[in-house]
Amino acid sequence: MKRRTALKLSLLALASSYAQAFEKSKIVNTMKMKIKDPKNPTKAELKHTPEIKLGDVDAKGYVSVDVTIGQQGIIHPSTADHWIYEIALFANGKKVAKVDLEPVISRGYLSAKVKKEGLKELKAVAKCNLHGDWEETLKV
Ligand SMILES: [Fe+2]
C-alpha cells in the first residue's frame, strides 16, 4: 500500500469514528408527551421534564441558560438502551441551541448564552429514545 493511500484510509477511519455512534433503531418513541396531571406529576413524568435555569447576564447582554433533564432531583438515566439523545432550546419560539447526546458516555444537559433583550419565553425539548419528547416552558 502506498503511503498516500494509507494516509487516506487513516483519515477516513478517523472521520467515521467521529460520526454519530448510537444506532438510530434504538429510538423507538418520538411522540410528543405531556404531564397528564400537572398538579400531581408522576416520577416518570418528572424524570423526563426539562428544568430550565437562568444564570447571570454577561457584559454583552447574554443570559446563561442551563437545561437539565429531570425535575425535583430526579435525573434521567443514560444507559446503553435508555437515554436522552437530544435537547433543543427555543427562545421566543426560535431554535437557538441543540445538543446530541450519546448513551452512557453523556447525559442530558445543555448550556447556552441567550440574548436577554427581548427574551420573553424559553422552551426546552428533551428527547428520550424510549419515552418520547418532553418539553418545559419558562416565561422570562
Ligand atoms: Fe426515558
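This report covers threonine 49 and a four-stranded sheet in a predicted model.

## Threonine 49

Threonine 49 sits in a loop. That loop runs between helix H2 (43–48) and strand S1 (50–57). The residue is buried, because its relative accessible area is 3%, and buried means under 20%.

Leaving aside residues up to four places away in sequence, threonine 49 touches Ile35, Thr68, Ile69, Gly70, Gln71, Trp134, Glu135 and Glu136.

## The sheet

An open sheet is built from 4 strands. Their order is S4-S3-S6-S7, and the pairing is antiparallel. The edges are held by strand S4 (94–100) and strand S7 (132–139). Each has a single partner strand, so one side of each lacks a neighbour in the sheet. On average, neighbouring strands of this sheet are turned by 15 degrees against each other, direction ignored.

Strands of a sheet pair through backbone hydrogen bonds, in a parallel or antiparallel manner.

## Pairing of S3 and S6

Strand S3 covers residues 84–91, and strand S6 covers residues 121–128. The two pair in the antiparallel sense over 7 bridges. Within this pairing, isoleucine 87 stands opposite alanine 126 in S6.

## The hairpin of S3 and S4

S3 also pairs with S4, again in the antiparallel sense, over 6 bridges. Alanine 91 has lysine 94 in S4 as its bridge partner.

S3 and S4 form a hairpin with 2 residues between the strands. In this hairpin, asparagine 92 takes a positive phi near 50 degrees.

Terms used: Residues are numbered from 1 along each chain as its sequence is written. This is a predicted model: local features need pLDDT of at least 70, side-chain atom pairs count only at pLDDT 80 or more; totals for chains, interfaces and linings use all residues. Side-chain values use heavy atoms; hydrogens and water are left out. Buried means under 20% relative accessible area, exposed over 50%, partly exposed in between (1.4 Å probe, protein chains only). Contact means heavy atoms within 4.5 Å. Two strands pair if DSSP finds at least two bridges between them. Axes are lines fitted to C-alpha atoms, for helices over the stretch in contact, and angles run from 0 to 180 degrees between N-to-C directions.
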